[in-house]
Amino acid sequence: MQPNLSRPARRALLVVHVVVSVGWLGLTLCLLALGVAGAASGSADTAEAAYRAMKIFGDWLIVPISLASLVSGVVLSLGTPWGLARYRWVVTKFWLTLPAAGASVLALRAEIDSAAADASAARAVPAATDLVIAPSVALGVYVFLTAISVLKPWGLTARGRRMRAGSGPSGARTRPGPRATARSQV
């Protein structure tokens, strides 16, 4: 099975994927900074401002950025020689991005909304440390995903080895990824 995307489409989609993925990482860093400011400040006004700012980011950016990263990554993998299940690093990225996007959209936004409501009502925010821990863990995951995107470790999956050997479902030999081509020329 050959990739379906033309070179210009593949490059454009790669740019979109990198921009939204790095944007998601940056958004998470901002949420972490605001979570620390809200939890560590001794001022109710500072905490309220931090949690209200987090709510704005959560309401306007978390959903589109996390979903754009997930969708652009899946489309990019399906339309390129990397495939969705040919290389272990791609499979790892997918299975880490899927729950990260789900947690960002469902759990983190709810936690931010609750903290913003509590701070606006001059109540103590009971889960202030959660708004530091969650973005910290997410940031670690996104840095890891970025690293494996650059390094492309671990090689082919069993499916990728079968496809490379020509015993894939269609029996057609697939084109190797860019790293495999470079290795074979060394």
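## Helix α4 and Ser104

User: What covers the buried residues of α4 in this structure?

Analyst: In this predicted model, local features need pLDDT of at least 70 and side-chain atom pairs count only at pLDDT 80 or more, while totals for chains, interfaces and linings use all residues. Residues are numbered from 1 along each chain as its sequence is written, and side-chain values use heavy atoms, with hydrogens and water left out. Helices are DSSP runs of H or I, at least four residues long and numbered from the N terminus, and contact means heavy atoms within 4.5 Å. The cover of the buried residues of α4 includes α1 (7-40), α2 (44-78) and α3.

User: Which residues of α4 are buried?

Analyst: Buried means under 20% relative accessible area, with a 1.4 Å probe and protein chains only. In α4, this applies to Leu131, Val132, Pro135, Ala138, Leu139, Tyr142, Leu145, Ile148 and Ser149.

User: How many Å apart are the end C-alpha atoms of α4?

Analyst: The expected span of a helix is 1.5 Å times one less than its number of residues, so the 22 residues of α4 (residues 130-151) should span 32 Å. The model agrees with that expectation, because the distance between its end C-alpha atoms is 31 Å.

User: Is Ser104 buried or exposed?

Analyst: Ser104 belongs to helix α3 (residues 88-120), and, leaving aside residues up to four places away in sequence, Ser104 touches Trp24, Ile62, Arg109 and Tyr142. Its relative accessible area is 6%, so Ser104 is buried.

Key. Helix = DSSP H or I, 4+ residues; strand = E, 2+ residues; numbered from the N terminus. Buried < 20%, exposed > 50% of the residue type's maximum accessible area, 1.4 Å probe, protein only.
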